[in-house]
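Reader: I am new to this structure and would like to learn how to read it. Could you take me through it one feature at a time?

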2 protein chains.
Amino acid sequence: MIPTLEWLPEGVNFLDQTKLPLEETYVLATDYRQVATVIRDMVVRGAPAIGVAAAMGMALGIDRSVATTIDALTAEVAVMAKTLAETRPTAVNLFWGIDEIRGLYNSLAAKGTSIAEIKAAVIARARQMYDEDIAACKRMGAHGAELLPMQGTVLTHCNAGALATCGYGTALGVIRAAIERGHKLSVFADETRPFLQGARLTAWELMKDNIPTTVLCDNMAAALMRQGRIQAVIVGSDRIAANGDVANKIGTYGVAILAHEHGIPFYVAAPWSTIDLATRNGDLIPIEQRAAVEVTLINGKQMTPNGVGIENPAFDVTPAKYVTAIFTERGVLRAPYPESIRAMANGAPQPTEQTTV
Amino acid sequence: MIPTLEWLPEGVNFLDQTKLPLEETYVLATDYRQVATVIRDMVVRGAPAIGVAAAMGMALGIDRSVATTIDALTAEVAVMAKTLAETRPTAVNLFWGIDEIRGLYNSLAAKGTSIAEIKAAVIARARQMYDEDIAACKRMGAHGAELLPMQGTVLTHCNAGALATCGYGTALGVIRAAIERGHKLSVFADETRPFLQGARLTAWELMKDNIPTTVLCDNMAAALMRQGRIQAVIVGSDRIAANGDVANKIGTYGVAILAHEHGIPFYVAAPWSTIDLATRNGDLIPIEQRAAVEVTLINGKQMTPNGVGIENPAFDVTPAKYVTAIFTERGVLRAPYPESIRAMANGAPQPTEQTTV
């Protein structure tokens with residue numbers, strides 16, 4: 001079990017993903033502000049993991065509060081929520097994680113529950129969200145596995161694995177589930193500049209599981225597709241709009257177009273909490289711009305001339321038309337996505353096999 | 001004038017491109033074997049520059065030979081040609097540069113020319129090839145410039161600039177020529193993993209010329225295209241097959257597909273010496289695989305877990321169907337390429353404007 005994040009009596013313990021793959025070190029956050037820093041600095045990253053980290057950050061903040069009245073604690077909770085919400089704008093799971101704990105807090109506070117009982121309840125809920133995340137990944141893996149080829153190589157971009165979740169993974173969870181069911185799969189991992197989540201994180205966790213893995217630079221996938229060496233693409237997501245547009249790590253949109261051009265299926269795996277019914281389409285998803293130094297400075301050495309402009313959007317949006325299917329813990333979504341997403345939101349079971357064309 | 005390579009009385013002087021952009025240092029090759037090393041280690045790179053470097057390497061080898069008979073010198077010339085030919089397999093200009101000097105040597109030797117006169121003649125020819133390269137870049141710039149937009153941003157991949165030639169550049173030469181003619185252009189430079197020619201070299205030489213330049217990771221171009229921020233793509237080439245298929249730096253093929261999908265013109269600029277009439281199509285172009293450490297090790301630090309597989313093809317092939325036009329010093333090639341290339345090879349003038357659809 002890869003210890004992405006863990007609730008401990010001393011605080012929330014995070015595997016420091018900025019140090020992988022060569023160093024396995026941990027950062028213990030004993031305060032909600034430290035959780036916010038850990039999210040912003042990408043010690044923990046990946047939409048589902050960020051969601052649970054934010055929930056644990058809220059629970060930690062509430063638990064460590066010395067407020068003696070509900071009014072004082074409620075004011076603190078508002079500050080905690082704001083602090084955590086300002087860390088990263090794109091992953092909707094962040095806001096889901098915060099709101100889940102804040103909503104529970106508000107309902108208990110309104111009922112006159114004691115502060116001690118509230119503390120116990122929010123901790124229990126955050127820990128339950130952790131367990132639910134792992135269970136959701138396994139269910140999405142079961143739904144998605146049967147659509148992966150029985151043998152061949154699957155390309156993934158960024159890290160949508162155990163390290164992006166509480167364990168097992170979304171995209172990599174589907175690959176794990178397929179392999180557990182007897183599929184003979186190997187993985188091509190895009191290195192995923194500038195943060196190199198593929199080279200550092202995806203390769204690290206797949207090697208731990210003895211899944212054959214090859215790292216390539218992001219610009220190499222097209223040539224491999226043309227050579228017939230990629231049978232499917234699977235990625236995670238940071239937010240899926242109500243029309244099926246998918247925000248994910250920068251570069252995903254390009255990979256989706258390349259898959260489309262080569263007739264290769266392009267799958268997205270994400271928990272239901274990633275689907276944002278309040279966002280009509282992908283153009284409305286805020287895209288985080290990160291600091292230029294993430295691009296210019298590699299291992300402490302400047303790779304660009306002084307004064308040059310730099311682009312560093314952290315995410316892009318893949319229009320639903322390029323998405324073959326979306327795997328969630330509730331089932332498999334297919335085009336037309338506005339209808340299938342609405343039906344799933346309303347609790348209708350989704351067919352695993354494609355029924356529309 | 002950017003001093004990519006220069007014939008000096010002491011030898012051939014190369015700007016060390018592995019050290020740019022922060023250090024401008026030079027490597028003086030006083031022996032043809034050193035020229036081979038400089039080409040293999042990418043101190044000098046870029047197909048046109050490699051062609052002239054190889055010619056200068058041949059001239060240097062002949063000039064520094066202590067052979068006293070034509071038979072002895074001819075045997076040495078064969079070794080020189082073999083040594084230089086084994087450095088890098090993809091750029092056809094390498095073989096063109098070697099053959100140009102060897103052909104001259106053979107014809108002079110057959111005529112009974114003295115060794116001293118042969119030495120002077122091959123040096124003169126290598127230096128003339130240098131001048132011809134710059135003149136060819138300027139002519140191809142003049143042909144291509146009028147097809148670039150009057151304003152907007154042009155995306156380029158890798159470095160097809162002054163640093164890839166004897167000066168001025170192929171793709172960047174066309175951009176320079178357009179700007180000299182009053183076009184208001186800025187440049188997006190793909191950083192171009194793993195060697196970072198875009199971040200290090202293209203950005204460096206364009207900044208020297210005060211051309212507004214922004215570096216992006218290779219996986220960001222698709223998102224910028226979707227935002228309407230790229231009006232044209234222009235790249236160089238290492239070999240163009242007789243059917244118009246274009247070998248160029250790994251990642252070019254993906255960029256061509258993305259341009260096609262977004263309705264953005266995709267141009268290739270290359271001297272006529274890059275067109276290989278003996279290679280029927282792109283599938284027949286040998287693709288150099290380079291060492292895994294170029295991908296795994298960045299500035300001395302290993303970025304991947306031990307034992308993971310690595311892909312590192314240095315080039316890919318873009319099928320002619322994605323190429324809007326090819327600019328050479330002889331004129332502009334358009335589809336159908338087999339016909340337009342054959343006509344240009346036979347000396348027929350090529351229209352600058354498109355006449356077929």
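Reader: By what turn and what shift along the axis can chain B be laid on chain A?

Author: Before that, please note that this is a predicted model, in which local features need pLDDT of at least 70, side-chain atom pairs count only at pLDDT 80 or more, and totals for chains, interfaces and linings use all residues. Residues are numbered from 1 along each chain, chains are lettered from A in the order in which they are written, and side-chain values use heavy atoms, without hydrogens and water. Two copies of a chain are related by a rotation about an axis and a shift along it. Here a turn of 180 degrees and a shift of 0.0 Å along the axis lay chain B on chain A with an RMSD of 0.0 Å, the superposition being by least squares on the C-alpha atoms of residues with pLDDT of at least 70 in both. That is the relation of a two-fold axis. The same surface serves both copies, since 100% of the contact residues of chain B recur in chain A, where contact means heavy atoms within 4.5 Å.

Reader: How many disulfides are there over all chains?

Author: A disulfide is a pair of cysteine sulfur atoms within 2.5 Å, and by this rule the count is zero. C158(A), for instance, is in no disulfide, and the nearest cysteine sulfur, that of C217(B), lies 12 Å away. C158(A) is also buried, with a relative accessible area of 6%; buried means under 20% relative accessible area, exposed over 50%, and partly exposed in between, with a 1.4 Å probe and protein chains only.

Reader: How many helices and strands does chain A have?

Author: Helices (H or I, at least four residues) and strands (E, at least two) are DSSP runs, numbered from the N terminus, and chain A has eleven helices and 17 strands. Of its 357 residues, 62% count as buried.

Reader: Which residues of helix 7 of chain B are buried?

Author: They are Q197(B), G198(B), A199(B), R200(B), L201(B), T202(B), A203(B), W204(B), E205(B) and L206(B). Because ten of its twelve residues are buried, helix 7 of chain B is largely enclosed by the rest of the structure. Its buried residues pack against several elements of chain B, including strand 2 (11-15), strand 4 (151-156) and helix 6 (171-180). After helix 7 of chain B comes N210(B), whose phi is positive, near 55 degrees.
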